[in-house]
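Q: Hi! I'm new to this one and would love a quick tour. Could you pull it up so we can look at it together?

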Amino acid sequence: AANFSNAQRLPDLTAKGFHPVSARMLVTEEGPAAVVIYKNDAGQLTGFYIRPPGPGNKLLPEGQRQEGPLLTRYWSDNGYNYALVGSNFTVINGAG
């Protein structure tokens with residue numbers, strides 16, 4: 001938790017029906033990272049990912065990327081990189 005002391009708070013997706021159900025700490029080339037998994041009553045999942053920008057301080061411009069049925073929205077703020085990942089429908093209509 002100390003690794004993310006200046007990070008944004010977790011997104012509150014309850015108004016869109018999503019609740020956090022699990023979280024994991026990860027190790028990346030850029031440093032510690034975390035992913036929080038959200039689930040709604042229909043069983044749809046979406047993930048919130050956070051990591052530092054790494055030694056090169058590479059912050060991300062706001063954007064999105066689609067790979068098959070998955071959509072990722074990404075951005076940087078407060079010195080961290082963030083992403084919200086889920087089905088195209090979920091990210092655009094449910095959690096985005």
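Q: Thanks! Let me start with a detail: which residue in E6 stands opposite arginine 73?
A: That would be leucine 84. One thing to keep in mind as we go is that this is a predicted model.

Q: Got it. How many bridges join E5 to E6?
A: Eight bridges join them, and the two strands run antiparallel. E5 and E6 form a hairpin, with two residues between them.

Q: Which residue in that turn has a positive phi?
A: Asparagine 78, with a phi of about 55°. Asparagine 78 has that positive value although it is not a glycine. As background, most residues other than glycine have a negative phi.

Q: Where does asparagine 78 lie, exactly?
A: In the loop between strand E5, residues 70–77, and strand E6, residues 80–87. Asparagine 78 counts as partly exposed because its relative accessibility is 47%, and the partly exposed class covers values from 20% to 50%.

Q: Nice. Let's zoom out: what is the order of the strands in the open sheet?
A: The order is E1-E2-E3-E6-E5-E4, six strands with antiparallel pairing. Strand E1 (19–28) and strand E4 (63–67) stand at the edges. Each has a single partner strand, so one side of each is left without a neighbour in the sheet. From one strand to the next, the twist averages 20°.

Q: What holds strands together in a sheet, generally speaking?
A: Strands of a sheet pair through backbone hydrogen bonds, either parallel or antiparallel.

Q: Back to the edges, then. How many bridges do E1 and E2 pair over?
A: Nine, in the antiparallel sense, with E2 covering residues 31–39. Serine 22 stands opposite isoleucine 37 in E2.

Q: And how many bridges for E4 and E5?
A: Five, again in the antiparallel sense. Here glutamate 67 stands opposite leucine 70 in E5. The hairpin of E4 and E5 has two residues between the strands, and glycine 68 takes a positive phi near 60° there.

Q: New topic: threonine 46. Is it buried or exposed?
A: Threonine 46 is buried, because its relative accessible area is 2% and the cut-off for buried is under 20%. Threonine 46 lies in strand E3, residues 45–51.

Q: Which backbone oxygen lies 2.7 Å from a polar atom of its side chain?
A: The backbone oxygen of valine 85 lies at that distance from the side chain of threonine 46.

Notes. Residues are numbered from 1 along each chain as its sequence is written. This is a predicted model: local features need pLDDT of at least 70, side-chain atom pairs count only at pLDDT 80 or more; totals for chains, interfaces and linings use all residues. Side-chain values use heavy atoms; hydrogens and water are left out. Helices (H or I, at least four residues) and strands (E, at least two) are DSSP runs, numbered from the N terminus. Buried means under 20% relative accessible area, exposed over 50%, partly exposed in between (1.4 Å probe, protein chains only). A polar contact is a pair of N or O atoms within 3.5 Å; within protein, one must be able to donate a hydrogen and the other to accept it, and residues adjacent in sequence count only if both atoms are side-chain atoms. Two strands pair if DSSP finds at least two bridges between them. Axes are lines fitted to C-alpha atoms, for helices over the stretch in contact, and angles run from 0 to 180 degrees between N-to-C directions.
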